[in-house]
Amino acid sequence: MLFGCCVPSKDYRLAEQAGFDFVEFSGAEIFNMSDAEFERVCESVRAGKLPCVSFNSYCEGSPAIVGGEFDVELVSSYAESFCRRAAALGVRMLGMARRMLEGCRRAFKINGPMRNAKPFCA
């Protein structure tokens with residue numbers, strides 16, 4: 001059995017020192033980094049002992065992935081950039097946690113984000 005830790009990227013070394021087997025970063029945090037910040041995270045992971053095997057927090061409300069604010073072009077663009085960064089870190093799994101708003105269940109099934117993300121993550 002492997003033990004991982006969800007940590008902010010700045011705490012990568014702490015997770016390594018604590019003896020975890022892998023880390024999971026916030027996808028939203030990684031997406032919102034500048035290119036220089038992201039490259040520093042990549043360098044830390046490449047030089048370290050712990051792989052980043054997955055992301056949690058696909059997005060933090062923006063872009064909207066359900067409901068009336070849903071925009072397929074915006075979601076597709078986000079998914080493409082998100083998956084490129086995930087691939088650069090060697091991520092193999094993406095997690096999405098969302099609050100299901102009343103009336104959005106059907107919209108999520110129709111406009112689900114994975115339909116837009118999968119072509120970029122393959």
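## Buried, exposed and in between

Here, buried means under 20% relative accessible area, exposed means over 50%, and partly exposed covers what lies in between. Arg13, with a relative accessible area of 35%, therefore counts as partly exposed. That label comes from a predicted model, as does everything else in this report.

## Arg13 and Glu16 in helix H1

Let's stay with Arg13 for a moment. Its partner is Glu16: the two form a salt bridge, and their closest N and O atoms are 2.9 Å apart. Both sit in helix H1, which covers residues 12-17. Because they are 3 residues apart there, about one helical turn separates them.

Glu16 has a relative accessible area of 19%, so Glu16 is buried. The cut-off matters for that call, since buried means under 20%.

## Glu80 and Arg84 in helix H4

Now over to helix H4, made up of residues 72-88. The side chains of Glu80 and Arg84 meet here in a salt bridge, at 2.3 Å from N to O. With their positions 4 residues apart in helix H4, the separation is again about one helical turn.

How exposed are the two partners? Glu80 comes out as partly exposed at 26% relative accessibility, while Arg84 is exposed, with a relative accessible area of 55%.

## Arg85 and its reach to helix H3

Arg85 is in helix H4 too, and its salt bridge is with Asp35, with 2.8 Å between the closest N and O atoms. This pair links distant parts of the chain: Arg85 belongs to helix H4 and Asp35 to helix H3 (residues 35-47), 50 residues apart.

Which end of this pair is buried, and which is exposed? Arg85 is the buried one, because its relative accessible area is just 12%. Asp35 is exposed, at 62%.

## Who else does Arg85 touch?

Leaving out residues up to four places away in sequence, Arg85 touches Ile30, Phe31, Met33, Ser34, Asp35 and Phe38. Met33 gets a polar look-in as well: its backbone oxygen lies 2.9 Å from a polar atom of the Arg85 side chain. So the side chain of Arg85 has a salt bridge to Asp35 and that approach to the Met33 backbone oxygen.

## The wider count

How many salt bridges are there by the rule used here? The count comes to 5, and the pairs described above are among them: Arg13 with Glu16, Arg85 with Asp35, and Glu80 with Arg84. As a general point, side chains of opposite charge can pair when their charged atoms come close.

Methods:
Residues are numbered from 1 along each chain as its sequence is written. This is a predicted model: local features need pLDDT of at least 70, side-chain atom pairs count only at pLDDT 80 or more; totals for chains, interfaces and linings use all residues. Side-chain values use heavy atoms; hydrogens and water are left out. Helices (H or I, at least four residues) and strands (E, at least two) are DSSP runs, numbered from the N terminus. A polar contact is a pair of N or O atoms within 3.5 Å; within protein, one must be able to donate a hydrogen and the other to accept it, and residues adjacent in sequence count only if both atoms are side-chain atoms. Contact means heavy atoms within 4.5 Å. A salt bridge is a side-chain nitrogen of Lys or Arg within 4 Å of a carboxyl oxygen of Asp or Glu. Buried means under 20% relative accessible area, exposed over 50%, partly exposed in between (1.4 Å probe, protein chains only).
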